[in-house]
Amino acid sequence: MTSSADFYRDAEITWGDGRAKILEGGRALTLSLDQYSGSGFQSKNEYLFGRFDLQLKLVPGNSAGTVTTFFKFFDPSLASCHFQLILMIIYLTHMLYLLFPFNLQLSSQGAGHDEIDFEFLGNSSGEPYTVHTNVYAQGKGDKEQQFHLWFDPTSAFHTYSIVWNPQRIIFMVDSIPIRVYNNQESIGTPFPKSQKMRVHCSLWNADDWATQGGRVKTDWTKAPFVASYRNFNINGCVAGSGSSCGSKSADSFNTEAWRTQDLNANGRNRLRWVQQKHMVYNYCADSNRFHQGIPAECKRSRF
């Protein structure tokens with residue numbers, strides 16, 4: 001399924017009591033956060049593989065305490081557990097940058113859920129946003145990589161993308177790959193490939209833990225905090241549409257480039273540049289966290 005951007009057609013506002021607004025005839029959407037509530041939306045359809053693109057302009061100025069999500073695929077019933085996991089991850093990695101997060105998430109449902117995270121951790125004025133990525137398969141995550149962007153994500157719209165196929169997951173910013181998570185089932189590492197997932201985006205307050213361990217609080221005199229979204233494009237296999245999304249014989253798999261998308265030489269060079277110059281945390285390099293040795297997939301080349 002290929003769709004042009006239309007939030008009315010492809011998305012539904014899930015929470016926020018009027019703080020999320022679809023604008024410009026469905027071409028744009030804003031999420032707002034104040035001292036009482038944040039807001040969020042999700043895709044109307046569930047997908048098994050595809051390419052997901054969204055343009056996003058983040059909260060400017062002092063965004064400490066905010067988390068903006070782009071691609072979070074998750075079961076809302078797991079939200080409290082998910083927030084606790086983020087809290088634990090942030091403390092473990094000592095990457096305490098924000099008070100309210102933005103996130104974009106692909107997620108399935110249930111205790112053994114799959115999830116692909118693309119999050120933006122807010123900052124104090126003058127400090128960079130942190131891009132937080134993670135992959136869950138069969139309920140297990142702990143695959144975090146974090147980055148500082150090479151531009152100001154609050155001054156203009158930029159395109160954030162996830163390509164998800166049976167071989168790999170590619171995280172991209174303005175078509176530049178920042179991370180590739182390969183299917184390593186052959187060495188016993190689970191990979192999300194059998195559970196349908198839905199896109200979730202939200203803006204919420206996390207000042208009890210996010211910035212400097214909760215010591216820096218959200219400055220509510222700057223509220224409302226607003227994140228802007230546009231060009232929500234999904235090119236993927238809709239679960240339950242009658243086609244076999246995981247089958248190589250499915251029509252969509254025979255015609256869509258994302259089905260086998262990989263990095264060419266130029267893409268690998270760009271990935272290497274991002275990971276060498278802009279990565280600020282890599283779970284594979286965290287020897288204090290894995291006392292029994294790094295995970296098996298970390299012994300494979302990232303490029």
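## Two buried phenylalanines

Let's start inside the protein: phenylalanine 41 and phenylalanine 232 are both buried. Keep in mind that you're looking at a predicted model.

These two residues also form an aromatic pair. How are their rings arranged? The pair is edge-to-face, with 6.0 Å from centre to centre and 80° between the planes. Along the chain, the partners are far from being neighbours: phenylalanine 41 sits in strand E5 (residues 39-43), while phenylalanine 232 belongs to strand E16 (residues 225-238). That puts them 191 residues apart, so the pair links distant parts of the chain.

## More rings to look at

Now try tyrosine 181 and phenylalanine 191, which make a stacked aromatic pair. Their centres are 6.2 Å apart, and their planes differ by an angle of 10°. Why does this pair tie together separate parts of the chain? Tyrosine 181 is in strand E14 (residues 176-182) and phenylalanine 191 is in the loop between E14 and strand E15 (198-205), so the pair bridges parts ten residues apart in sequence. Are these two residues buried or exposed? Tyrosine 181 and phenylalanine 191 are both buried.

Across the whole structure, a search turns up 15 aromatic pairs. Rings can also gather in groups: Phe7, Phe41, Tyr229 and Phe232 make up one aromatic cluster. You've already met Phe41 and Phe232 as an edge-to-face pair.

## The cysteines

How many disulfides does the structure hold? There is one, and it joins cysteine 284 to cysteine 298, with 2.0 Å from S to S. The link is left-handed, with -75° about the S-S bond.

Both of these cysteines lie in the segment after strand E17 (279-282), and they are 14 residues apart. Cysteine 284 and cysteine 298 are both buried. Another cysteine to find is cysteine 201: its relative accessible area is 2%, and since buried means under 20%, cysteine 201 counts as buried.

## How far to trust the picture

The chain has an average pLDDT of 81, and 73% of the residues score at least 70. Where does the pLDDT fall below 50? That happens over residues 74-100. Even so, this stretch has 98 contacts in the model beyond near neighbours in sequence. Where pLDDT is low, the predicted coordinates should not be read in detail.

Key: Residues numbered from 1 in each chain as written. Predicted model: local features only at pLDDT ≥ 70, side-chain atom pairs only at ≥ 80, totals over all residues. Heavy atoms only, no water. pLDDT = per-residue confidence, 0-100. Contact = heavy atoms within 4.5 Å. Phe/Tyr/Trp six-rings, centres within 6.5 Å; stacked < 30°, edge-to-face > 60°. Helix = DSSP H or I, 4+ residues; strand = E, 2+ residues; numbered from the N terminus. Buried < 20%, exposed > 50% of the residue type's maximum accessible area, 1.4 Å probe, protein only. Disulfide = S-S within 2.5 Å.
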